[in-house]
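Hello,

Here is the structure for you to take over. My notes on it follow below.

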2 protein chains.
Amino acid sequence: MSPNQPGQPPKLPIPGVKNLIAVGSGKGGVGKTTVAVNLAIGLAKLGHPTGLMDADVYGPNVPLMMGINRTPMAYGERIQPLDQYGVKLMSMGFLNPGDKPLVWRGPMLHSVIQQFLRGVDWGDLDYLVIDLPPGTGDVQLTLIQTAPITGAIVVTTPSDVSLEDARKAVHMFHQVKVPILGIVENMSYLICPQCNERIDVFSHGGGRRTAGEMKVHFLGELPLNPDVRVGGDSGKPVVLTAGPGTAGEGFLELARNMMRRIEEMGPQQVPSIEITD
Amino acid sequence: MSPNQPGQPPKLPIPGVKNLIAVGSGKGGVGKTTVAVNLAIGLAKLGHPTGLMDADVYGPNVPLMMGINRTPMAYGERIQPLDQYGVKLMSMGFLNPGDKPLVWRGPMLHSVIQQFLRGVDWGDLDYLVIDLPPGTGDVQLTLIQTAPITGAIVVTTPSDVSLEDARKAVHMFHQVKVPILGIVENMSYLICPQCNERIDVFSHGGGRRTAGEMKVHFLGELPLNPDVRVGGDSGKPVVLTAGPGTAGEGFLELARNMMRRIEEMGPQQVPSIEITD
């Protein structure tokens, strides 16, 4: 499972893209896409050219959450990404709109993922955020084995069930030698809109504890705030209106924490051209 | 995509098993396993011999939620399922305990699924509940193409993002001609434990509306109750202590609704031996 096993293609960099950030989770529904979308917009708001690639080919929620769904244009061999809120976007949802499911087996996905990575005209980006599908299946393997990922963010809720799967995701990234930027605890707690009391719906603190146990960084906790869900459902992610005391502020803080982590990791971790014979 | 395409193996019944119930979702993290676990225990409590097969091979949460994790015994060629709370159990979690992820490609999963279906000594069951992985990938295809599924339950939350994927799951079951027993809206609303006000964390009512639009049954709504999460994390599902006004009661009601639906569907839908040449 090493990233450059004999006989495997080398992890060629994507021209113009400085950092490839994978956002994954062991379990679905923990807010992985919410984090990916708000993180990408947050990075763009902080002045960094950013792209977002929706690799969740079976359940691509990025178009809904970003409030955009058009068929991308192609010039020659290159697909032009869409642009929304200052972020360049590509998603299977743009190519397969509506409710029809993709009932595809693994091998058919590989060429789609390669197209998204290398056939899209991403241009010059500081960050290309990749929203992985949940779990440890075919799409994740293909991506990890072919793309020079700078680092991975693992999203979890504080529930034991979610943490059980998050540990699996951390192990997967370790196995394939992708550096872990850190764990994010999402849906960390809820402030009751009526009485302002705090409710630990999915428990609390397990993300930080698990990060400590597994010796990976903890990137922060994000509350379970109905505004975040409304933002996603309405195509206007909360980070767009981030300000002190708002739900969006936590995502800007996450973007800053992530950038700091990449700086700490140093240039030796940044992908370079590797030629393996 | 029809269930008995030429050249495909016929959907042989599983000897002794009267009804095969698939619990699926488009999106992960909507409470699919929580519903499967509580439904299975509920059916057993209502007097029906019931089994639960955890087909979520990448993120098998059934052992944690059922509070049991031992290696099953094999007698001759037959694997003996575990028994907990009156339900016969099989899960990849029993065979691959701990945090190591399964980094398997699609074809490797097919034989595991077949083993779980036909190599396990399920005995005489009124219901075998199958906890599918989320989405519309390899495992779902294998199961649907080889097992005579009585009907499928689609679990969703009321958020638009979850409903978008739930519609895809409904379409998938339609395409492969598996009858839909109905849609369940989970995490429907939260009652604040402090002030008893109702909070629509993930919106509300979309499950019933979507069921109406897609002309499938609506099997009910289940509140987002911290007791349900605690029950799952502690291995003591809430349906065990179901009583009037408790979180578990909704799951008993779901079990009754499901049985009623199967009765309404009539015997013509119940799988019978099909021999195709």
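Three elements of chain B each supply at least two residues of the lining of the largest pocket in this model, which is predicted: β10 (190-191), β12 (218-221) and α9 (249-265). The largest share, four residues, comes from α9(B). The pocket has a volume of about 300 Å³. It is lined by 20 residues, and those closest to its centre are B:Tyr189, B:Glu221, B:Leu222, B:Pro223 and B:Gly250. By type, the lining divides into 12 nonpolar, six polar and two charged residues.

Next, the cores. The largest nonpolar core has 42 residues, of which A:Leu20, A:Met53, A:Val57, A:Trp122, A:Ile130, A:Leu143 and A:Phe173 touch the most other members. Two or more residues of this core come from each of β1 (17-24), α4 (106-118), β7 (125-131), α5 (138-146), β8 (151-156), α6 (160-175) and β9 (180-185) of chain A. Leaving out residues up to four places away in sequence, A:Leu20 touches A:Ile14, A:Leu128, A:Ile130, A:Ala147, A:Pro148, A:Ile149, A:Thr150 and A:Gly151. Another core, of 41 residues, lies apart from the largest one and includes B:Leu125, B:Leu132, B:Ala147 and B:Val216.

Last, the two chains. A turn of 180 degrees, with a shift of 0.0 Å along the axis, lays chain A on chain B with an RMSD of 0.0 Å. The two copies are therefore related as by a two-fold rotation axis. Both copies use the same surface, in that 100% of the contact residues of chain A recur in chain B.

Regards

Definitions and conventions: Residues are numbered from 1 along each chain as its sequence is written. Chains are lettered from A and ligands numbered from 1 in the order in which they are written. This is a predicted model: local features need pLDDT of at least 70, side-chain atom pairs count only at pLDDT 80 or more; totals for chains, interfaces and linings use all residues. Side-chain values use heavy atoms; hydrogens and water are left out. On a 1 Å grid over the protein atoms alone, a cavity is a set of points where a 1.4 Å probe fits but cannot get out, and a pocket is an open set with protein on both sides within 12 Å along at least five of seven lines; lining residues have an atom within 4 Å of a point. Grid points are joined across faces, edges and corners, and a volume is the space filled by probe spheres set on the points. Ala, Val, Leu, Ile, Met, Phe, Trp, Tyr, Cys and Pro count as nonpolar, Asp, Glu, Lys and Arg as charged, and the others, Gly among them, as polar. A nonpolar core is a set of buried Ala, Val, Leu, Ile, Met, Phe, Trp, Tyr and Cys residues joined through side-chain atoms within 4.5 Å. Buried means under 20% relative accessible area, exposed over 50%, partly exposed in between (1.4 Å probe, protein chains only). Contact means heavy atoms within 4.5 Å. Copies are superposed by least squares on the C-alpha atoms of residues with pLDDT of at least 70 in both.
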